[in-house]
Amino acid sequence: MSIIWELRADKVISALKEGKRLDERAFDQYREIKIAKDVYKNADGSARVVLGETDVVAGVKFVLGEPYPDMQDEGSICIGAELLPLASPAFESGPPDKESIELARVVDRGLRESKAIDFKKLCIKEGELVYLAFVDLYAINFDGNLFDACSIAALASLLEAKIPKVEENKIVAGEYKGKLSLSRKPVLSTFAKIGTNMLLDPSLAEEKAMQARFSVATTEDDMLAAFQKGLGGSITKQDVDYCIDTALKKSKEIRKLL
Amino acid sequence: MKKEKIEKIVYVNKEGKRLDGRKIDELRELKIEAGILAHSSGSAYIEWGQNKVLASVHGPREVIPKHRADPYKAIVRFNYRMATFSVPDRKNPKPGRRDIEISKVCGEALERAIFLEQFPNTAIDVWVEVFDSNAGSRVAALTAASVALADAGIPMRDLVSAVAVGRIGGNIVLDLNKDEEDADDAVDMPVGILPNFDEIVLLQMDGLFSKPEWEKAIALAMKGCKEIHKKQVDALKKKYLVEQKEGEQK
């Protein structure tokens with residue numbers, strides 16, 4: 001880890017002592033968000049999300065498969081996250097490590113548990129053939145808060161995703177039977193705990209200074225779809241309450257962009 | 001056919017009793033034993049409902065590979081594993097994404113409890129094996145692991161006590177079992193705290209909760225954790241408290 005980041009973390013902490021964030025954002029303010037949809041033609045759905053300097057892309061590919069034994073009439077989604085070495089000197093190539101597995105699973109949880117996708121619509125033949133939607137996320141520049149960037153990218157790519165046509169149990173390349181429709185837009189909001197402050201959308205410098213991380217996925221009908229606390233520090237019930245209230249309010253800004 | 005049957009399940013009846021006869025704020029039977037493995041620095045065994053989980057601690061010890069050592073504090077490496085026969089279908093022995101995520105969050109939960117700065121450049125390795133499971137195995141693993149750490153004599157701020165709370169059939173209940181976890185509207189929220197400080201060190205949730213439901217669930221979880229904490233302390237006392245009989249010489 002580069003020493004420069006340790007020093008920036010110190011600056012984050014001293015700025016917070018004066019009640020300020022290093023980049024002068026309000027504690028509950030996202031960095032600028034840019035969302036581009038349908039960016040890759042070979043993907044069944046795709047999106048690119050730029051959150052401050054953090055940059056991620058998502059692509060959806062539908063694959064045919066057998067249903068899970070306990071859900072014979074349902075397809076499924078499978079989220080993967082790749083922390084590309086080109087995105088950060090801290091990332092290494094190789095199989096997914098625990099960081100990227102946690103990231104993928106938290107993004108997955110928000111989408112799945114919000115019941116945004118009707119998995120029954122992804123069933124082709126009960127007990128035999130279903131669609132599996134693979135959503136693969138690639139971090140291409142890492143400047144903090146991959147959780148929210150990836151969650152928005154996954155959602156944006158699924159909102160645009162087209163379901164391929166199937167004939168004789170095979171996907172017909174380039175032909176689609178229609179769009180995958182989502183009933184909700186679950187948005188993940190991630191906070192860094194530094195001292196006693198909870199900061200929305202932490203930058204890389206803030207992530208280097210945080211003791212704990214908390215993410216909450218919210219929906220437009222003000223429901224909470226997923227929580228994840230991470231790292232070695234602790235949070236209080238009051239911290240969680242603040243995060244929930246802030247996420248319910250601020251996620252609306254993101255939904256408007258989708 | 002199957003669907004119709006599921007919709008008819010009453011998860012909490014008029015008397016406030018659940019499918020297995022428990023009240024909504026009642027834990028499953030919980031037994032903890034400290035210090036049972038001779039070659040570990042510390043160990044604990046927990047039986048919690050149908051869950052049977054063994055936790056062992058090695059260390060603080062040298063970090064291998066060396067570049068992973070932290071010159072300022074000990075690192076915690078938590079390994080949550082499930083035996084192949086611990087679930088209805090045979091589990092692939094290779095750790096899956098779920099195992100890796102649970103290991104990560106449980107290890108991080110323990111970090112807050114341990115005075116890590118006292119052991120720079122070392123590793124505290126926690127190995128947890130689940131031999132039988134029925135919902136709540138990660139909180140059983142975390143609860144057992146913190147007893148094992150105390151048994152290892154590692155200086156700690158507090159134990160970590162953990163329990164899952166959730167919603168079934170519209171009711172917020174403590175310590176869900178597998179039948180309850182499979183409810184149509186099920187929400188599962190594993191919570192781990194430092195019981196003497198009310199600090200939350202593990203918090204996950206999946207499902208759809210409203211804000212008032214979260215408030216109710218976290219209060220129930222905190223209460224449950226304090227009950228679990230007593231059992232953890234009892235387990236440690238049972239091993240370490242030597243009662244001096246009257247007239248007996250030290």
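Two strands count as paired if DSSP finds at least two bridges between them, and that criterion underlies the hairpin visited on this tour, formed by β2(B) and β3(B). The model on screen is a predicted one, and the route below stays mostly with chain B.

**Chain B as a whole**

Select chain B and colour it by secondary structure: five helices and nine strands should appear, running from the N terminus in the order α-β-β-β-β-α-β-α-β-β-α-β-β-α. Its C-alpha trace spans about 60 × 55 × 35 Å along the principal axes. The radius of gyration is 19 Å, which agrees with the value near 18 Å that a compact globule of 250 residues would have. Of the 250 residues, 49% are buried, and among contacts between residues at least 6 apart in sequence, 70% join residues at least 24 apart.

**The five-stranded sheet**

Next select β1 to β5 of chain B, which form an open sheet with mixed pairing in the order β1-β2-β3-β5-β4. At its edges lie β1 (30–34) and β4 (75–82), each of which pairs on one side only, and the twist from one strand to the next averages 15°.

Begin with the hairpin, in which two residues separate β2(B) from β3(B) and B:G49 in the turn has a positive phi of about 60°. These two strands pair in the antiparallel sense over seven bridges, and B:G42 has B:V57 in β3(B) as its bridge partner. Is β3(B) mostly covered or mostly open? Nine of its twelve residues are buried, so to speak of it as mostly covered is fair.

Moving across the sheet, β3(B) pairs with β5(B) in the antiparallel sense over nine bridges, and here B:K52 stands opposite B:D132. Beyond that, β4(B) and β5 (residues 122–132) pair in the parallel sense over eight bridges, with B:M82 opposite B:V130.

Now add the helices that pack on this sheet. Helix α2(B) touches β4 and β5 of chain B, its direction making about 140° with that of β4(B), whereas α3(B) touches β1, β2, β3, β4 and β5 and makes about 150° with the direction of β2(B).

**Where two helices meet**

Keep α3 (residues 137–151) of chain B displayed and add α5(B): the two pack at an angle of about 35° with their axes 10 Å apart, and the crossing is right-handed. To see the contact itself, show side chains for B:T143, B:S146, B:V147, B:A150 and B:D151 in α3(B), which meet B:I228, B:Q232, B:A235 and B:L236 in α5(B). The residues of this contact divide into five nonpolar, three polar and one charged.

**The side facing chain A**

Finally, bring chain A into view and select the contact between the chains, which takes 25 residues from chain B and 24 residues from chain A. Which elements of chain B each supply at least two residues to the side that touches chain A? They are α2 (97–111), β9 (199–209) and α5 (211–240), and the largest share, eleven residues, comes from β9(B). By character, the residues on this side of chain B divide into twelve nonpolar, three polar and ten charged.

End the tour by selecting β12 (residues 224–230) of chain A together with β9(B), since here the two chains can be followed strand against strand: the pair is antiparallel and extends over four bridges. Within it, A:Q228 stands opposite B:Q204 in β9(B).

Technical notes. Residues are numbered from 1 along each chain as its sequence is written. Chains are lettered from A and ligands numbered from 1 in the order in which they are written. This is a predicted model: local features need pLDDT of at least 70, side-chain atom pairs count only at pLDDT 80 or more; totals for chains, interfaces and linings use all residues. The radius of gyration is taken over C-alpha atoms; the globule rule is 2.2 Å times the number of residues to the power 0.38. A residue is buried if 20 or more other C-beta atoms lie within 10 Å of its own, exposed if 12 or fewer, and partly exposed in between; C-beta atoms are placed from the backbone. Two residues are in contact if their C-beta atoms, placed from the backbone, lie within 7 Å. Ala, Val, Leu, Ile, Met, Phe, Trp, Tyr, Cys and Pro count as nonpolar, Asp, Glu, Lys and Arg as charged, and the others, Gly among them, as polar. Axes are lines fitted to C-alpha atoms, for helices over the stretch in contact, and angles run from 0 to 180 degrees between N-to-C directions. A crossing is left-handed if the near helix is turned anticlockwise from the far one by less than a right angle, and right-handed if clockwise.
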